[in-house]
Every structure is written in C-alpha cells, then in structure tokens.
Amino acid sequence: MTEAAARVSNWNLPNAITVIRILLAPLFIWMLLADGGADTPLRYAAAALFIVAIATDGIDGHIARSRNQVTDLGKLLDPIADKVLTGGALVGLSILTELPWWVTAVILVREIGITVFRFAVLSDRVIPASRGGKLKTLAQSIAISLALVPFPALFGSWFDWVNIVTMSIAFILTVVTGIDYLVQAWRLSRAGKSAA
Ligand SMILES: O=P(O)(O)OC[C@H](O)CO
C-alpha cells in the first residue's frame, strides 16, 4: 500500500459511490432480462440504470482526487465495479442473443485476467487503471449503452451497423490494453526474478 493512500480512510464518499455501483449491477441485469429483452419500459429502464451507474465512474474518481480521498481500496474497487457492470451487460446481451458469446467471452477473460493480476501483485503494489484501460472502459460503456437501448427497433436496421462499429472499437481496445497489462506482468515477474 502507498503511504499517502494508507493515511486516507476507506470510509469516504468516492468509495461509497463505487460500492453502490457494484450493488446496482444485479438489479440492472434483472431489469435487462426480465422481459426477455423485449422493447418494453423495463428494457429502457435497464439501459438508463446502466448509463447512470457507469457515468458515476468518472464522478467517484473526480471526487476522490479533488478531496484528496484517493485510497488503495478505491483503486482496486473502481475497476471491479466497472467490470461487474460491463461484464453483466455483455453476458445479458449474449443471453438475449444480441451479442455473440465469443465477444463476451474474450472480453471477460481479459477483464477477469487483469483483476487476478491486480490481486496477485497486491502485497507489492496496487496497479491503478492505466490511461488505455480508462479509454477502453469509456469505449465499452458507449458501445454497451448503444446496444442496450433498442435503437434498431426505433430507427431502423442501419443502426445495427452503429452497434457493430462501436462494439468492435471497444473489443479491439479491450484486447490491446489486455496485452499491455500482460507485458507489464511479464516485466514485473522478470524484475522480481532478477532481484531474487
Ligand atoms: O482495464 P482496467 O482493468 O485497468 O480497468 C479500467 C477501469 O475500468 C477504468 O475505470
């Protein structure tokens, strides 16, 4: 744990917002699947809840920095909250057959992999989200938000292409930033071996 982060209490507003984001995920997934994904008010409500919950990602980080309430717990929990929400949405969309399972599987393997990596090195250091990781989460959030609102039913099937393009960008960024973390992990393990 870093010394500065160790002095700040974990009981603070930014961490509370992050925990609320995690707790909202099961409700969101239930709302998405309850009507079988049909174009009903519940589907729109699920999309709205996802957008509000994922938007707080920037808010908790901003509050933490502006109030000097950055904690190691927050650095660890924040990416987990994002992954619970985005992962839940991707699994939900695949269950509804609106997104191929292989896309969801590759993204989940990357997201779970980096989380395991974060916990594996926890005794040495906390690995915060990289710039690339933040950009990837933004791209995923946009792609998933667009996929959750049944835009093709509203505006026509050309909107399917908007979904394919935005999800492809999110997918590529997910894989590229995942490889970047793998390189980091490899460098860390080499540094550890040469220090031993
Ligand atoms: O790619 P990660 O695991 O660093 O996650 C990035 C975070 O979700 C950004 O808030």
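Here is a quick look at the two largest pockets in this predicted model.

Let's start with the largest pocket, which has a volume of about 740 Å³. Its lining is made up of 35 residues, and the ones closest to the centre are Asp57, Gly61, Asp78, Ala129 and Lys134. Quite a few helices chip in here: α2 (13–34), α3 (41–66), α4 (72–95), α5 (101–120) and α6 (131–148) each give at least two residues to the lining. The largest share comes from α3, with 9 residues. If you care about the chemistry of the wall, the split is 13 nonpolar, 11 polar and 11 charged residues.

Now for the second largest pocket, which holds about 350 Å³ of space. This one is lined by 19 residues, with Glu98, Leu99, Ala147, Asn163 and Ile164 the closest to its centre. The elements that supply two or more residues to this lining are α5, α7 (151–155) and α8 (159–195). Among these, α8 gives the most, with 6 residues. By class, the lining has 13 nonpolar, 3 polar and 3 charged residues.

Here are the two pockets side by side:

| Pocket | Volume | Lining residues | Top contributor | Lining by class |
|---|---|---|---|---|
| Largest pocket | about 740 Å³ | 35 residues | α3, 9 residues | 13 nonpolar, 11 polar, 11 charged residues |
| Second largest pocket | about 350 Å³ | 19 residues | α8, 6 residues | 13 nonpolar, 3 polar, 3 charged residues |

One element to keep an eye on is α5: this helix supplies at least two residues to the lining of the largest pocket, and two or more to that of the second largest pocket.

Key
Residues numbered from 1 in each chain as written. Predicted model: local features only at pLDDT ≥ 70, side-chain atom pairs only at ≥ 80, totals over all residues. Heavy atoms only, no water. 1 Å grid on protein atoms, 1.4 Å probe; cavity = no way out; pocket = protein on both sides within 12 Å on 5 of 7 lines; lining within 4 Å. Points joined across faces, edges and corners; volume = space filled by probe spheres on them. Helix = DSSP H or I, 4+ residues; strand = E, 2+ residues; numbered from the N terminus. Nonpolar A, V, L, I, M, F, W, Y, C, P; charged D, E, K, R; others polar.
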